Amino acid sequence: MQWKYIVLVICLLSASFLFWKELRRDNKARLFWRLLASAVAVSSLYFLAVPLKTRSARTGHKEEAVILTNGFSKDSLNAFLQQKKTIPVYPVREYLAGNHPAGKLFVFGDGLLKEEWQQLSASSVEFHPSPVPFGIIDAHWNKNVTNGSPLVIQGTFNNNSSQTVRIALEGFGKVLDTVELSPQKRATFELKTVPLQRGKAVLALRFVNGKDTVREPVPFEVIGSGRLRVLVLASAPGFENRFLTNWLIDNGYTAVTRTTISKNKFQQSFLDTNKINLNSITSSLLNGFDILLADGTALENLTSSELNAVKQHVAENGMGLIIQADTLTNKDAFYKTAFSFAASNNHNKQSVILRGPDMEFLPALSIEQPLHLKPVANVQTLISDKDNNIFSAASLYGEGKILFSTVPGTYNWMLSGNASDYARYWSVLLENAVGRKTETISYNINGLPLVNEPVNIRAFSEDQPQPRSAGQFIAWRQDPVALFKWDGNYWPLKAGWQNVDGFKWYAYDSADWKNVQRQRRMNESYEYLSSFKEQSITPENNEEERDAIPALFIWSLFVVCCIFLWIEGKLF
Amino acid sequence: MSRAVNHIIPSLQKRWKASGLILNAFISLTIAVVIIAIVFVFKHLSLWWLLPAWIACFAGSLFLHRKWQVSETDVVVHLNTIYPQLEASVNLLLKPENERNVLENFQVEKLNSALGNVDIKNPFLKKIRSAIVALIAALIAFFLIVYIKPLRPGAKVNHTIKNQPAEGERSLPAIRDVHVMITPPSYTKKANTNQASWNIVAEQNAAVEWNIKTNLPVEKVQLIFDDSAVFNLSSAVNDKLTWKGSKTITRPGFYQVKLNGQLSDLYKIEMVKDQPPVIVVKSPKPSTVIDYGEPAKIEVNASITDDYGIQQRYIMATVASGSGEAVKFKEQKIGLQYVSGAKANDIKLPVTLPSLGMQPGDELYFYIAATDNNNQESRSDVYIITLADTAQLMSLDITINASDVKPEFFRSERQIIIETEQLLRERDTISETAFKNRSNDLGIDQKLLRLRYGKFLGEESEGNIGEAHDDHDEHDHAETGQFGNAAEILDQFSHKHDIAEDATFFDPETKKQLKATLAEMWNAELRLRTFKPAEALPFAYKALRLLKDLQQKSRVYVGKTNIKTPPLQKEKRLSGDLSGIASPELQRNNEKLVSEADVFKESLGVLEQLKTDLVVSTGELELLLRASAGLSRHAASNPTGFMHALQSMKNITISLETGKAISNNDIVVVQKTLYEIIPAPARRPRQAGKGADFSLSDTYFNNLQKQQH
């Protein structure tokens, strides 16, 4: 639109200049003709820059065409052409390149991506999709795996063959997991493995399609667990905290403990950190910690100003508060309001089998008269037993989270050699308590990035991300409303791992995940067409329905005018 | 015409002679094949031996089977006998023409026409045919023997010489050939092995000798064991072509050849360890108590096995007698008969305890020991046999009272035993009625004692165990005020006696032993009541021993201690002053020790990266070298499992250092091995991240809070 006005202004300026020159000319003969010729020349220049379009004579008449997209079935196309013999057939690229009036389109094959649909001019569309292909039509997995966590691949497999299909997850020269899918069924599947390596790796999903073996790449990266800083307040020395802090430091976390051993006497331990003053809990002290772990008595022994500092820190700075429930007398404390408790009627020591949020059981733990949390609103259950008694739950408090745990003596797992279960239990608690850390910059990519195709990278950053990456220039576009959102296109030139400003991602070969690509086109086609039906397209607002006057005609008009002006000046 | 006829006989003679020779040749070949096949079964030899055997047989047959010596007379005789139409006149043909008379000439004329009509058959033809059939049969049998031989059981396959190097084993190109001689230690009684391949499987302490021949003279040939120990080979005849060296194999590992600075592939050394003898004792049980009345005899039943042979075996028996500080030990070695060098041996030895000098109260500790050919000794566990001491049971170790007060109402088990023995001694001097009465009285005493102990178990009945109660009438059934109260009704009609669990004085273990004691008392009482006091004695003794054990269990030894407590400071007591007490502090930093598993994990990632990207940083290369060293340690202890991976890892690091292409196969091999040895990591908590948003969500949250207030 802007282009149009720029050209118009230039043309008007040049026309007025020309008219002025004509009017100042001594020879006033054929002045009118000369003015006319100048006006026509300038206007033809304008129309060369901005194509002139005429209202199509065929408006209202629907042009029909068949558009072929990838994966169309020849048989169904032939059957269709039997009925409509005269209809023209275009491959989609050809159709988009040519200038066709909007009409009724019959689209065969997998369909198009959303952007491609938008380029297509059509008044109505009839979609003849190909049958859903055999193979994996959808797959997702966690592309960043924390060290020690499983890689979980979930997907949908369309098995339209009459045989059972076996999908194997392969890598490192080994088969890591397999799943079998029954014939004549579209089913979801899940494959799982705990990767052992550090850094990037590409596993493969392998299945047999007729005579061919199909291998789809599964790229992912194992990342380190980072660092958590935990402050432990204990009202009495105990094994539980001792084992926990040892476990934390052995795994590279920081732990600071303050254990009351007498009145106003504390035993302090600083694991993997410098000595700090722990005599009073202040806001500046809490600043250095992500999680405060305390037992109920220790919290109740805090002075009101200390407790306020804790409260403020949880609510405003997103610190996690884990409370190991013991005798809780102060019912009005801020951390208790969301929770309610119920002691078990069974006073005997009993063995309790707990399970985490992943519904996988932990080894039995012997607990004397267990204390349960009642299931109430706004509280998320984390650890429960097989009878659905809740042993640990979290609740939001301001920006942070408060988490109650009523399981005593988890160190018994460590003693009985179940170190991995101990790690599992405390990982659940700590991960659910800790707030999210704001990253200065983070990237993500939607969909399936393919080699030699533009990949839209999205970034969250307060400053503009690096414009240059791996020899390519990325033009970051800032979201006009959410100023911290950026997006830009990147063209991967070879398949494999890519690195954009430290963000590692994998560009797939165009032969990878073929069926996922096809299914994605189909899904986007259905999505587009369902919204398309709702829009009513009127001929008035459809600019595309006009024919452009050929540029050659305007050009020759311009040349004729110029020749007239030149010859007139020479001859007379 | 007559000339032609005259020639018939010599030509027939020649042909038949040739046929005879051919027949002999076939027969001799058949015999040679059979002989060679038989020899082949016992001794492996080349098939070329068939030729001389045939020639020998043929020569022999020429002497033994002389049918081939066909003379002209033989031909004539044969023709005369076989063909009557020749009228027995063929011999005329042998006569020279001028010597024949007229009649003979006539006959020859006739003979000529007759000979033209007669179809003279070769007499050897039939035999040759059957000889060929026999030869074919022999050949088929021969090939079956030679080629299907390994299928037959008991066939000896010659293992000792492997002239072909093993598959997948690569030698340095400069090495023409290698001979490795493995001499197992003599005690194994195994033969030497000679092989042309590098990988070695040898017995422990076997001497291995390498003989290496090179194509060109070289300066130095070295063997490098386990990436560390260097061993120089010496040139045998100073021609720098043949190299020799030997080494005793004491541990498994791997080695490589270094020749002019060039390193070969890695070859593995597997060691078959000499196992010590294995002793399995089937009887007696680890701890056996022989009670009074039981035969003082045990049967030692054991089996000993060893991989190369047992040299010596014996039972080491120790008798402990006495008690307290006066314990005496007496060691005895009981040799056992054995077949020296046998691989397995069973022991069945009855041992009478008194023959070892054992008396009641003594204990016998014994173990079985065996040594193998390599003087490796192994011992079984120690087995304990206890002869119960009846005398000890009778002794009272309480302080003896001045007055010997005997409880009147019941007698102790010890007393019952003493009196039973007294009764048995007096049996001959008292009347039978008196004997029976006294036996019965003792039975009653035994019953009283049993009831007394029964009380500890909650038994109330004074009758026999299981005897029915007959006091139901005592219950007042009329007072059933509450209808439908099942517990109430059940209470009235049932008896809650004899519930051992109600007598809560003892722990279950004590109760169990008490019950066993009562059972023994029952048995003793039964015998006493049926006037068999001699039979009652073993039960009484057992009951007494169990009671004694029970007594011992309740005793606890507490040693004397000597503590000096500091004097109390009275002015500080109960003041609650903690000012002088410092807060204990602990500071510990995580020593970042990189474990082998971490190195393996990291290098697994680097290897994965190498599949697509051939460039590694120096740090990553160093990591791979460390992983290689780690694999080398694993390979030294288990060459079979890690050799392949180590070789591949070396290929990768060498390729990286020299900038050559890396085989994807090598990467996969190493990754597979690493994946198997890396322990599964435990879960760890991780702080999730969130994207930058100019604190937009915080502002939103705070505004929300404000609106609520």
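What share of the 572 residues in chain A is buried? In this predicted model, buried residues make up 30% of that chain. As for its building blocks, chain A has 13 helices and 36 strands. Its contacts can be sorted by how far apart the two residues sit along the chain. Of those with a separation of 6 or more, 63% are between residues 24 or more positions apart.

Some of the strands in chain A come together in an open sheet of five, laid out in the order β7-β13-β12-β9-β10, and the pairing is mixed. The edges of this sheet are taken by β7 (144-146) and β10 (174-181) of chain A. Each of these has a single partner strand, so one side of each is left without a neighbour in the sheet. Going from one strand to the next, the twist averages 30°. Two neighbours in that order are worth picking out, namely β9 and β12 of chain A. Strand β9 (residues 165-171) and strand β12 (residues 199-209) of chain A run antiparallel, and three bridges join them. For a concrete pair of residues, take A:E170, whose bridge partner in β12(A) is A:A204.

Now for the place where the two chains meet. The contact takes 55 residues from chain A and 39 residues from chain B. On the chain B side, four elements each supply at least two residues: β22 (585-588), α12 (596-610), α15 (664-677) and β23 (689-690). The one that gives the most is α12(B), with six residues. Sorted by type, the residues on the side of chain B that touches chain A come out as 17 nonpolar, eleven polar and eleven charged.

Strand pairing also crosses from one chain to the other. Strand β16 (residues 265-271) of chain A and β22(B) run parallel, with four bridges joining them. Along this pairing, A:Q268 stands opposite B:E585 in β22(B). So β22(B) turns up twice in the story: it supplies at least two residues of the side of chain B that touches chain A, and it is bridged to β16 of chain A.

Finally, there is helix α16 (residues 696-708) of chain B. From its first C-alpha to its last, this helix of 13 residues reaches 19 Å, which is close to the 18 Å expected at 1.5 Å a residue. How many of the 13 residues of α16(B) are buried? The number is zero, so α16(B) lies largely in the open.

Terms used: Residues are numbered from 1 along each chain as its sequence is written. Chains are lettered from A and ligands numbered from 1 in the order in which they are written. This is a predicted model: local features need pLDDT of at least 70, side-chain atom pairs count only at pLDDT 80 or more; totals for chains, interfaces and linings use all residues. Two residues are in contact if their C-beta atoms, placed from the backbone, lie within 7 Å. Ala, Val, Leu, Ile, Met, Phe, Trp, Tyr, Cys and Pro count as nonpolar, Asp, Glu, Lys and Arg as charged, and the others, Gly among them, as polar. Two strands pair if DSSP finds at least two bridges between them. Axes are lines fitted to C-alpha atoms, for helices over the stretch in contact, and angles run from 0 to 180 degrees between N-to-C directions. A residue is buried if 20 or more other C-beta atoms lie within 10 Å of its own, exposed if 12 or fewer, and partly exposed in between; C-beta atoms are placed from the backbone. The expected span of a helix is 1.5 Å times one less than its number of residues.
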